[in-house]
Structures are given as structure tokens and as C-alpha cells.
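This report walks through ring contacts, helix packing and a few single residues. Keep the model open while reading.

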Amino acid sequence: MGAPQAASGLLANGRGVIRGVLFDIDDTLVDLEFAMTAAVRDASEHLLPGLDQAGWEKFGRIFTRETTHYYDRYLTGELSFNEQRLLRGRAALGHFGVELEEGEQAQHWVSSYASRQHGYIRAFDDVTPLLDALDAAGIPYGAVSNNVHDYQRVKLDAAGLERIGVLVGTDTIGVPKPDPAIYLEGVRRLGTGAGETLYVGDNRLLDAEGSTAAGLLGVWLNRGGEPAPGFTGREVGSLLELLELLPPA
């Protein structure tokens, strides 16, 4: 489904129906992939001297995209947050023949990466215009994330998104997406109904399909135009496409 068709599908719900909006955070509001890629390079350059740009791009892809199963194990409680970070780092470094030793070296790498990532956190350019429009329309909004509340609160604030007051994390009620309860807690905190609340996120399964299954109006934010032939839900390529849904200010 292309963006114009997706927007039409959203509008078919009718103007005035949307009374609240919930967002995923990572790679929806905040460009986490950029922050992770930049920080992991900073933390690892001394271990990979002379690696060319193509190599660093591959390194970043392994760390950010090809090792997400470690993050899934964190969500199930099998790994701690720092353990999944370390395993992802080990996988990326190991691809280039570097072994990250246990103990002090590993701890230093994790702390070095964590301290650098914070400085690269930034919001996408389409976030502020949409939040401004929601404020003007009097439509409440918030975020529901598959990470813990306090960590994501710091991330939102670092990205200049302090105005997002409603924030539900995995520790808020003890379940991650796609458990319906986590989306519905966001709806409860907004004071809206599930069927009149958009949920927007970059993960087709967890965000669009998971929230839709919970009764919300799920929207897949497909910034990169990833093909998904079997997907029949709502899809946008930019948050700015959601402006069409809002009543005139």
C-alpha cells in the first residue's frame, strides 16, 4: 500500500473521529538508529582501526538491525538491558574478527557506548509540526514504548520532546507490546476510547498490527518504503501525512 492510498484509508474513518494519538518512540519520534550507529562507532573505533566506510555501515547494520533478537530476549526477562547491548556489540565486532573480552574491557565498552548514545539523540523533522498541530487542535497525545519508563523519559527529553507527558513503558504495567494491555493503558491515560485513538509506530507487527488487535487505529510509519505485500492496514511514509486527519485549527 502506498502513502496516498494509506492516507485515504485513514480519512475513511471520518474527520472528528480521532480524539487521541499514541506514538511508539524509537525510530518513530526519535531517530534511534542514527544515535545507535554513531555511538557504537565512537565506542568501537579503537578496536577497528582502519575500517572503511562500507565496513562501518555493515557494522552499524549488524548492531542496530541484525541483532534485535537479543533485545527480544531482554523483553522476555532473559537478559538485562546492558547484557543485550553487550551481546549486540560482540556480534558486530566478531563479524570483523574482534573479540570483546569479559570483565573490564566489556564493561568499559558498554559504558562508553551508553554515554555517547545520549549525545546523538534527536527527533525526526516531522515530529514537531505534528505535535504543534495536535496541540492546536486540542488533541491529547502520548507514547507507549517497549522499553522502561524512566529510560524513555530521558530519551524524549534529550530529543526536545518534554511536552509528551503521557508515557507508558514496559514496566508501567509489566507487559510489552504486543500485549493489548500496554496500548490500552496509554488510551486510559489519554482519557480517550480505543476506537478513536491512533497508534503510530515504525514496527509493522508490534505497532500497526498489535495496536489494531487491541482495538486502536493502528498506523504503520514506513519511512523507508519497505515492501510488505501482505499488509492491508493503514500506512504512512511520514508523520506529516497524519495532518490530513486533523480538524481545521
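Helices here are DSSP runs of H or I with at least four residues, numbered from the N terminus. On that basis, T170 is found in helix 9, which covers residues 170-173. The model is a predicted one.

**T170 and its surroundings**

T170 is buried, since its relative accessible area is 13% and buried means under 20%. Which residues does T170 touch, leaving aside its neighbours within four places in sequence? The contacts are L75, S145, N146, N147, V148, V175, P176 and I182.

**After helix 9**

G174 sits in the loop between helix 9 and helix 10. Is G174 buried or exposed? With a relative accessible area of 56%, G174 is exposed. The C-alpha atoms of G174 and R41 are separated by 33 Å, and the two residues are 133 apart along the chain.

P178 also has its place in the loop between helix 9 and helix 10 (180-190). The peptide bond from K177 to P178 is cis, and omega is near 15°.

**Aromatic pairs**

A pair of aromatic rings is described by the distance of the centres and the angle of the planes. The structure holds 12 aromatic pairs. One of them joins F63 and W109. The centres of F63 and W109 are 6.1 Å apart, with 80° between the planes, and the pair is edge-to-face. This pair links distant parts of the chain. F63 belongs to helix 3 (residues 53-64) and W109 to helix 6 (residues 104-120), 46 residues apart. F63 counts as buried at 1% relative accessibility. W109 counts as buried at 1% relative accessibility.

Y71 and F81 make another pair. Their ring centres are 6.4 Å apart and their planes stand at 80°, so this pair is edge-to-face. The cut-off for edge-to-face is over 60 degrees. Y71 lies in helix 4 (residues 68-75), while F81 lies in helix 5 (residues 81-95). The pair therefore ties together parts that are 10 residues apart in sequence. Y71 is buried, with a relative accessible area of 16%. F81 counts as buried at 18% relative accessibility.

Which residues form one aromatic cluster with Y71 and F81? Y74 and Y151 join them.

**Charges over rings**

Two arginines lie over rings. R88 is placed over the face of F63, at 5.6 Å from the ring centre. R122 has its charged end over the ring of F34, 3.6 Å from the centre.

**Helix 5 against helix 6**

Two packed helices are described by the angle between their axes and the distance between the axes. Helix 5 and helix 6 pack at an angle of about 100°, and their axes are 10 Å apart. Why do helix 5 and helix 6 count as roughly perpendicular? Angles of 65 to 115 degrees count as roughly perpendicular, and the packing angle is about 100°. Helix 5 and helix 6 are therefore roughly perpendicular to each other.

On the helix 5 side, the contact is made by N82, R85, L86, G89, R90 and L93. On the helix 6 side, it is made by A106, W109, V110, Y113, A114 and Q117. By class, the contact has 7 nonpolar, 3 polar and 2 charged residues. W109, part of this contact, is also the partner of F63 in the edge-to-face pair.

**Loop residues**

The table lists three loop residues with their accessibility.

| Residue | Loop | Relative accessibility and class |
|---|---|---|
| D27 | strand 1 (20-23) to helix 2 (32-44) | 21%, partly exposed |
| T67 | helix 3 to helix 4 | 2%, buried |
| L161 | helix 8 (149-158) to strand 3 (166-168) | 2%, buried |

D27 has a positive phi of about 65°, although D27 is not a glycine.

Leaving aside neighbours within four places in sequence, T67 is in contact with I62, R88 and A91. R88 is also the residue over the face of F63.

With the same neighbours left aside, L161 is in contact with L29, V30, A123, V127, L131, R153 and L156. The C-alpha atoms of L161 and F124 are separated by 11 Å, and these residues are 37 apart along the chain.

Terms used: Residues are numbered from 1 along each chain as its sequence is written. This is a predicted model: local features need pLDDT of at least 70, side-chain atom pairs count only at pLDDT 80 or more; totals for chains, interfaces and linings use all residues. Side-chain values use heavy atoms; hydrogens and water are left out. Rings of Phe, Tyr and Trp (its six-membered ring) pair if their centres lie within 6.5 Å; planes under 30 degrees apart count as stacked, over 60 as edge-to-face and the rest as tilted. Buried means under 20% relative accessible area, exposed over 50%, partly exposed in between (1.4 Å probe, protein chains only). A charge sits over a ring if NZ of Lys or CZ of Arg is within 6 Å of the ring centre and within 35 degrees of the ring normal. Axes are lines fitted to C-alpha atoms, for helices over the stretch in contact, and angles run from 0 to 180 degrees between N-to-C directions. Angles under 35 degrees count as roughly parallel, over 145 as roughly antiparallel, 65 to 115 as roughly perpendicular and the rest as oblique. Contact means heavy atoms within 4.5 Å. Ala, Val, Leu, Ile, Met, Phe, Trp, Tyr, Cys and Pro count as nonpolar, Asp, Glu, Lys and Arg as charged, and the others, Gly among them, as polar.
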